[in-house]
Amino acid sequence: MVKVKDESGMMKDEDSVRFSITFALDKDEYLRRTCPSCGRDFKTQADPADLSSILQPAFRQIEAEIGEISLSAAEGETKDQYLSCPYCNYRAESGDMLTSEFQSYLKRFVMREYVLPKINNMFSDFANGLKSSSRSNSFIKFEIKADFDNTLPPRPISGPEPPDMTKVEMLCCGRMIKIYDGWFDLEKCPICETEVRII
Amino acid sequence: MNKDTVTESLRRFVERRDDLLHEDEDGFNLHLSRFVELCERDDLIQSVLSPILKKCSPDVDAWWKQLSNNEIDFPSDPDEEFALRYSILQSVNQEPDKVYSFVFAFGKRKRDEGIELFRSTVLRPLVTELTNRVSKAANIVTPEERALQAVPLSRIPTATETRIFLSHKSIDKPIVMRYYNALKALGFEPWLDEPDMPAGTNLERGIFDGFEKSCAAVFFITENFKDEKYLASEVDYAIMQKRNKGKKFAIITFRYPNALPVPGLLTPYIFKDVENDLDGFYQLVRALPIELGQTRWKKEVVD
């Protein structure tokens, strides 16, 4: 569930719009991620409890691009969660390790479900105002014709997520990840950072 | 189809589908032809499309005629609907000007508006359904695989500390050999005097070395086991190892029926009365400080 507020700061509940968002996991329910440092992909098990921390950094980016809105995951507290890349050990906030496809999907979703309808409403009000103010005076008469396209783009689709990569059970913290087939040089657990070896 | 082929198919599918759905109207014809081309030659997508297109024969001309009368209708049967939508897509690919039918039908004026309407009314439901079906097909052709294990470094022993020292009186060798063979078959590395001490080895040093390399010492107390000579040394060495290695060394004592008393020095450690070898072996594996790894196929089975 995503909550959109009209402007920053404390907002009352009636000022916000809520909508659900779904995104694709692979057949084993893993979420694909991309390391922002080396650009390689890996996957982590999708835990609904981690959703806020997954979405929040992506929301911040959308807020910066679109402006005038504030996005937040409505369920649960946002807690800082970090991941290490299983290939290069780069450490970053969990939500900064999302694929560009995932980020595009989120952006399209917010545009389609919130931003464009709002813009359409704004133009609609503006157009109605102009139409009602068609006027004349003793010197000149003019009419304003207001027309705009209010067709919304198609809703974006998430997935399908390929069933690729190899599962690795992290015996340190009990979590599961997926990494490229044939990659055995895992040095640290991406989740708890314990030094490990694949044996 | 292997996992790599399926992954590549899905990657291309998502890329071309999203281009078709979301990119600018100016490039619509190009994105449409690239999408249809992928659908026609990709094995995974064809595995979804072919059976449906063979089964259903939608009347796409009738549908266009209906649209010119401002009517949009689709069959109630999901496969029929799917086949019809795909056929409409193909027909727009062959005759791009058909999108103007949407412009006229919905009272719009621009080609771009016609494309948006085509996307919303025909394309989006089609690719949503195709996405679901392709996703299912991909999951079917990629079988479940076992996971690897990443073990914390602190849990990985060196090669020279995982032997299991089997302490016994020579006369009890037949019992001990059964444990030795069973441990070996499972993948453990038991230490036994005969195979591990070549002729000429100093006995006391050889035994001491065996303890140094071990993570457990197992004492088989029978009516023959007496706490004297080499057996007494082994008890002393075991206690020394326990002091040095702590939890990473186990002293395990099995008392067989009619056994002599357990040597006093061993009593603070694990000792069990065992009825038979199977019971003893179970207790032994449970008490060891090491465990074996993942299940795997034997080499000769897969070669």
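This report describes the two chains of a predicted model, their sheets and the contact between them.

## The two chains

Chain A contains 2 helices and 12 strands. Along its sequence, the elements of chain A follow the pattern β-β-β-β-α-β-β-β-α-β-β-β-β-β. Chain B, by contrast, holds 13 helices and 6 strands. The table sets out values for each chain.

| Chain | Residues | Buried residues | Contacts joining residues at least 24 apart, among those at least 6 apart in sequence |
|---|---|---|---|
| Chain A | 199 residues | 28% | 58% |
| Chain B | 303 residues | 30% | 69% |

The overall form of chain B can be described in two ways. Its radius of gyration is 37 Å, whereas a compact globule of 303 residues would have one near 19 Å. Taken along the principal axes, the box filled by the C-alpha atoms of chain B is roughly 105 × 35 × 35 Å.

Chain B is divided into two domains: domain 1 covers residues 3-141 and domain 2 covers residues 153-287. The C-alpha centres of domain 1 and domain 2 of chain B are 71 Å apart.

## The sheet shared by both chains

An open sheet of 6 strands draws on both chains, in the order β3(A)-β4(A)-β11(A)-β10(A)-β1(B)-β12(A), and its pairing is mixed. Its edge strands both belong to chain A: β3, residues 30-34, and β12, residues 196-198, each of which pairs on one side only. From one strand to the next, the twist of this sheet averages 30°.

Strands of a sheet pair through backbone hydrogen bonds, and they may do so in parallel or antiparallel fashion. At one edge of the shared sheet, β3(A) runs antiparallel to β4(A), residues 41-45, and 5 bridges join the two strands. Within this pair, Arg33(A) stands opposite Phe42(A) of β4(A). At the other edge, the pairing crosses from one chain to the other: β12(A) and β1(B) are antiparallel and are joined by 3 bridges. Here Val196(A) stands opposite Pro152(B), a residue of β1(B).

## The contact between the chains

The contact takes 31 residues from chain A and 34 residues from chain B. On the side of chain B that touches chain A, three elements of chain B each supply at least two residues: helix α1 (3-22), helix α7 (111-141) and strand β1 (148-152). Helix α7(B) gives the most to this side, with 14 residues. By class, the side of chain B that touches chain A comprises 16 nonpolar, 10 polar and 8 charged residues.

On the chain A side, Asp164(A) may be examined individually. Asp164(A) is placed in the loop between β9 (141-142) and β10 (166-170) of chain A. It touches Lys3(B) and Thr7(B), leaving aside residues up to four places away in sequence. Asp164(A) counts as buried because 22 other C-beta atoms lie within 10 Å, and the cut-off for a buried residue is 20 or more. In space, Asp164(A) and Arg32(A) are 9.9 Å apart, C-alpha to C-alpha, although 132 residues separate them in sequence.

## The sheet of chain B

Chain B also has an open sheet of 5 strands, ordered β3-β2-β4-β5-β6, in which the pairing is parallel. The edge strands of this sheet are β3 (189-191) and β6 (270-273) of chain B, each pairing on one side only. The twist here averages 25° from one strand to the next.

Strand β5 of chain B, residues 250-255, runs parallel to β6(B), and 4 bridges join them. In this pair, Ile252(B) stands opposite Ile270(B) of β6(B). Helix α12 of chain B, residues 277-287, packs on the sheet and touches β4 (214-221), β5 and β6 of chain B. The direction of α12(B) makes about 165° with that of β5(B).

## Summary

The model thus presents two open sheets: one of 6 strands, with mixed pairing, that includes β1(B) among strands of chain A, and one of 5 strands in chain B, with parallel pairing. At the contact between the chains, α7(B) gives the most to the side of chain B that touches chain A, while Asp164(A) touches Lys3(B) and Thr7(B).

Notes
Residues are numbered from 1 along each chain as its sequence is written. Chains are lettered from A and ligands numbered from 1 in the order in which they are written. This is a predicted model: local features need pLDDT of at least 70, side-chain atom pairs count only at pLDDT 80 or more; totals for chains, interfaces and linings use all residues. The radius of gyration is taken over C-alpha atoms; the globule rule is 2.2 Å times the number of residues to the power 0.38. A residue is buried if 20 or more other C-beta atoms lie within 10 Å of its own, exposed if 12 or fewer, and partly exposed in between; C-beta atoms are placed from the backbone. Two residues are in contact if their C-beta atoms, placed from the backbone, lie within 7 Å. Two strands pair if DSSP finds at least two bridges between them. Axes are lines fitted to C-alpha atoms, for helices over the stretch in contact, and angles run from 0 to 180 degrees between N-to-C directions. Ala, Val, Leu, Ile, Met, Phe, Trp, Tyr, Cys and Pro count as nonpolar, Asp, Glu, Lys and Arg as charged, and the others, Gly among them, as polar. Domain bounds come from an automatic or database domain assignment.
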